[in-house]
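This briefing introduces one protein model to a first-year reader. It takes up the strands and sheets, then a single loop residue, and finally the nonpolar cores.

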Amino acid sequence: MKTQEEIKTSFRLAGQLDFKAGEVVTKEVFSNANGSVTLLAFDKGAMLARHQSPADVLVYVIEGAVEFEVDDTRQELKAGDSILLPSSTPHTVLALDRTRVLLTRISA
């Protein structure tokens with residue numbers, strides 16, 4: 001397991017990453033051969049252009065709100081909401097507010 005955090009010691013995810021004006025900031029929490037967990041902080045209006053992941057993805061909104069566009073359908077996700085995306089699913093993410101998201105990737 002590769003991580004910047006101390007193993008077996010609790011920590012607060014939301015406080016790990018500050019917002020940066022107009023940007024999406026990322027921090028890898030940990031990774032191994034099977035996947036990774038990454039924290040993202042979106043400034044309001046920041047966007048991830050259409051892209052796809054080579055792994056299955058679980059996105060959990062810690063705080064704020066984002067709009068996901070998947071298969072030409074837009075969905076708003078707010079704090080506490082999640083979305084599952086199979087590998088190679090094209091999607092776009094737009095921050096409706098300042099938002100922190102936890103992204104879990106699992107490789108098959």
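Aspartate 43 lies in the loop between strand E3 (35-42) and E4. The model is predicted. One open sheet has four strands in the order E4-E9-E6-E7, and an open sheet of six strands has the order E1-E2-E3-E10-E5-E8.

**The loop residue aspartate 43**

- Aspartate 43 has a relative accessibility of 12% and therefore counts as buried, since buried means under 20% relative accessible area.
- Setting aside neighbours within four places in sequence, aspartate 43 is in contact with Phe19, Lys20, Ala21, Gly22 and Glu23, and also with Ala95, Asp97 and Arg98.

**The sheet of four strands**

- The pairing in the sheet E4-E9-E6-E7 is antiparallel.
- Strand E4 (47-51) and strand E7 (73-78) are at the edges of this sheet; each has a single partner strand, so one side of each is left without a neighbour in the sheet.
- From one strand to the next, the twist averages 15 degrees.
- Within this sheet, strand E6 (residues 65-70) pairs with strand E9 (residues 91-95) in the antiparallel sense, over five bridges.
- Phenylalanine 68 stands opposite valine 93, a residue of E9.

**The sheet of six strands**

- Pairing is likewise antiparallel in the sheet E1-E2-E3-E10-E5-E8.
- The edges here are formed by strand E1 (2-3) and strand E8 (82-85); because each has a single partner strand, one side of each is left without a neighbour in the sheet.
- Strand E5 (residues 56-63) and strand E10 (residues 99-106) run antiparallel and are joined by seven bridges.
- Glutamate 63 has arginine 100 in E10 as its bridge partner.

**The nonpolar cores**

- The largest nonpolar core consists of 16 residues.
- The residues with the most contacts inside this core are Phe42, Val59, Val66, Phe68 and Ile83.
- At least two residues of this core come from each of E3, E5, E6, E8, E9 and E10.
- Another core, of eight residues, lies apart from the largest one and includes Phe19, Val29, Val37 and Leu39.
- Valine 66, with its neighbours within four places in sequence left aside, is in contact with Val61, Gln75, Glu76, Leu77, Val93, Leu94, Ala95, Leu96 and Thr99.

Note on methods. Residues numbered from 1 in each chain as written. Predicted model: local features only at pLDDT ≥ 70, side-chain atom pairs only at ≥ 80, totals over all residues. Heavy atoms only, no water. Pairing = 2+ DSSP bridges. Axes fitted to C-alpha atoms, helices over the stretch in contact; angles between N-to-C directions. Buried < 20%, exposed > 50% of the residue type's maximum accessible area, 1.4 Å probe, protein only. Contact = heavy atoms within 4.5 Å. Core = buried A, V, L, I, M, F, W, Y, C linked by side-chain atoms within 4.5 Å.
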